[in-house]
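Hi everyone, thanks for making time this morning. I'd like to walk you through the side-chain packing in one chain, so please have a look at the screen.

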Amino acid sequence: MADSNIDRRTLLAGTAAGAVAATVGTTGVAATAAAAAPAVAPGAPAAPNDWKHASAGTRGSEIAVKAGRDKEGRFGIMFKNTEAYAPPEDLLRSLAAQMGEPTTPNPTDLDNPRIPAGFTFLGQFIDHDMTLDRTPLAEAQADPLALTNFDTPVFDLGSLYGRGPAQDPDLYEADGLQMKIVRNANGVDDLPRRTDGSAILGDARNDENLIVAQLHLAFAKFHNRVLSEGLATSLAEAQRITRWHFQWVIIHDFLDKVAGSEVVGRYLNNKGQVKREFYKPKNPNRPMMPIEYSVAAYRFGHSMIRAGYLLNNRAGVSAAAIFGQPGADLRGNRPLPARLEIDWWHFFDVPGRPAAPRNAARRIDGKISLPLFNMPTTVVDDGTPSLAERNLIRGVRLGLPAGQDVAARMGVTPLTNAQLGLPDPDNAGWQGKAPLWFYILKEAELTHAGERLGPVGGRIVTEVILGILEADKEGFLKRKADFRPTTPIAPATGQFKAGDFLKFALNL
């Protein structure tokens, strides 16, 4: 494919003489890709209010400010001996205002050479699996702060399997074993959908964009192939195999990419035992999720999202914007268009498939891409379109500690506000500290050139995820700590990453 340069502003506008242009980072090549496509796909419905992970609140996340910093339920405080950090909102808005990516950057300056773009959306899929709340409605209404943890943040693929074929039969084929996959009117494999276009899923959030929706579809195909290859003869066994391979990828590929193998090794030994330093839930059987993780550290992924992505390179390059013209961008809750079907080697290293062009994740730094800096009204309509501003203000309102306070508690030398580049860093309103979410983004930028998380962010993300994996009585760390993926699923025993998962799932 010939290299070409696409104006990022064209991407955000979504149209240019009837064409959508998508700026995409590609590992190994300084390239961008454009795809001719209708500004609005024929017959396409208006995009619904989606991408709620970027704007909506989560039941129970207010526990620290409404019930006390020592309380735990669905959520809790990881560093209980830290104080809530509450700088003035005008300072937070000034910080948010400088977090927008430049309008005309060199696209390759944004490329993260360590992390292909697929991990951005795998991270979103992982987050949805952790935060799925299946608490019965009556109990949820009676317990808005989620002081009783009816659900748990285990990696059980609840979004895929729902409550099982008896209670969620629309997720399954008639045999009650295989996941339902349809060939849609556009001639491509898709998730089962309702008449309004929304997918029938255990977690509707996995249909909020067409990338995570297709990743969900790949998980359904992995499960079905486990059955078709005779590796399982029951639903329970197929689910266990799929879940354990998912958990393996989380530990040995996702965490390795975003935090580093030495950080993973700090908390997980070769016997499958997890070391605990600061993540010590009071109820180890129903572990709380720390707000330092969910409201700050794990939101590093917001900095990894690009304005648009190359999807396939078949009869001409097909690419699309995250937010553009409805029907031509990547918003979900609609049947998958054939033009936007993904060839996954453009997002992950898939063995046997081309290494380029491949979308790179955006570097983890103190900036976010313009579509998230100025989200459309179909996503948020309350007058605060900046995801940066929303995250910073939410952190204060939910009682997050300051970045420097958490660093000091962890024994990490804190970065100063001047090093972090805060606006007016000596302003008394900052109290010599910085918001935890921003601190973690800038820490990654300053310590690892944005290629992976720094010591505070990396350790929080890794310890919490491994701690939750260890708490799962049905997970492989508890059931079979010496589990290793083997052939025919893995190319060799113990060698298994996201690309291998997709290669098996799609029978490539």
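Let me begin with a question for the room: is Asp 329 buried or exposed? Asp 329 has a relative accessible area of 1%, so it is buried. Before I go further, please keep in mind that this is a predicted model.

So what does Asp 329 pair with? Asp 329 makes a salt bridge with Arg 331, and their closest N and O atoms are 2.7 Å apart. Arg 331 has a relative accessible area of 3%, and therefore counts as buried too.

Let's stay with charges for a while. The count of salt bridges comes to 31. Take Arg 193, which bridges to Asp 207 with 3.0 Å between the closest N and O atoms. Arg 193 and Asp 207 both lie in the loop between β6 (189–190) and α7, 14 residues apart. Both of these residues are buried.

Now over to Glu 470, in a salt bridge with Arg 276, where the closest N and O atoms are again listed at 3.0 Å. This pair links distant parts of the chain: Glu 470 belongs to helix α16 (residues 455–471), Arg 276 to the loop between α9 (261–267) and β7 (289–290), and 194 residues separate them. How accessible is Arg 276? Its relative accessible area is 27%, so Arg 276 is partly exposed.

There is also a network of salt bridges, which links Glu 89, Arg 93, Glu 389 and Arg 397.

On to the rings. The structure holds 22 aromatic pairs. One of them is Phe 222 with Phe 501, a stacked pair with 4.1 Å from centre to centre and 5° between the planes. Phe 222 sits in helix α7 (residues 210–228) and Phe 501 in helix α18 (residues 498–505), so this contact, as a link between distant parts of the chain, spans 279 residues. Phe 222 has a relative accessible area of 0%, which means it is buried. Phe 501, at 4%, is buried as well.

For another geometry, look at Trp 344 and Phe 347: they form an edge-to-face pair, 5.7 Å centre to centre, with 65° between the planes. Trp 344 and Phe 347 are both buried.

Back to Phe 222 and Phe 501, please. They belong to one aromatic cluster, together with Phe 125, Phe 155, Phe 219, Phe 246, Phe 496 and Phe 504. Phe 504 has a charged partner as well: the charged end of Arg 225 sits over its ring, 4.5 Å from the centre. You can find a similar arrangement at Trp 345, where the charged end of Arg 353 sits over the ring, 4.9 Å from its centre.

Next, the nonpolar packing. In soluble globular proteins, nonpolar side chains tend to be buried together. Here, the largest nonpolar core has 136 residues, and Phe 254, Phe 300, Tyr 309, Ile 460 and Ile 465 touch the most other members. Which helix gives the most to this core? That is helix α8 (residues 235–258), with 12 residues.

If you centre your view on Ile 465, you will see it touching Phe 155, Ile 250, Phe 254, Leu 255, Tyr 293 and Tyr 298, leaving out residues up to four places away in sequence. Phe 155 should sound familiar from the aromatic cluster. There is also a second, separate core of five residues, among them Leu 191, Ala 199, Leu 201 and Ala 213.

Two last stops, both in one loop. Glu 341 lies in the loop between β9 (316–321) and β10 (360–362). Its relative accessibility is 19%, and the cut-off for buried is under 20%, so Glu 341 counts as buried. The side chains of Glu 341 and Arg 314 are joined by a polar contact of 3.0 Å. Setting aside neighbours within four places in sequence, Glu 341 is also in contact with residues including Val 188, Asp 189, Gln 214 and Leu 336.

Gly 324 is found in the loop between β9 and β10 too. Gly 324 also has 19% relative accessibility, so it counts as buried. From Gly 324 to Gly 308 the C-alpha atoms are 9.4 Å apart in space, with the two positions 16 residues apart in sequence numbering.

That's my tour, and I'm happy to go back to any of these spots on the screen.

Notes
Residues are numbered from 1 along each chain as its sequence is written. This is a predicted model: local features need pLDDT of at least 70, side-chain atom pairs count only at pLDDT 80 or more; totals for chains, interfaces and linings use all residues. Side-chain values use heavy atoms; hydrogens and water are left out. Rings of Phe, Tyr and Trp (its six-membered ring) pair if their centres lie within 6.5 Å; planes under 30 degrees apart count as stacked, over 60 as edge-to-face and the rest as tilted. Helices (H or I, at least four residues) and strands (E, at least two) are DSSP runs, numbered from the N terminus. Buried means under 20% relative accessible area, exposed over 50%, partly exposed in between (1.4 Å probe, protein chains only). A charge sits over a ring if NZ of Lys or CZ of Arg is within 6 Å of the ring centre and within 35 degrees of the ring normal. A nonpolar core is a set of buried Ala, Val, Leu, Ile, Met, Phe, Trp, Tyr and Cys residues joined through side-chain atoms within 4.5 Å. Contact means heavy atoms within 4.5 Å. A salt bridge is a side-chain nitrogen of Lys or Arg within 4 Å of a carboxyl oxygen of Asp or Glu. A polar contact is a pair of N or O atoms within 3.5 Å; within protein, one must be able to donate a hydrogen and the other to accept it, and residues adjacent in sequence count only if both atoms are side-chain atoms.
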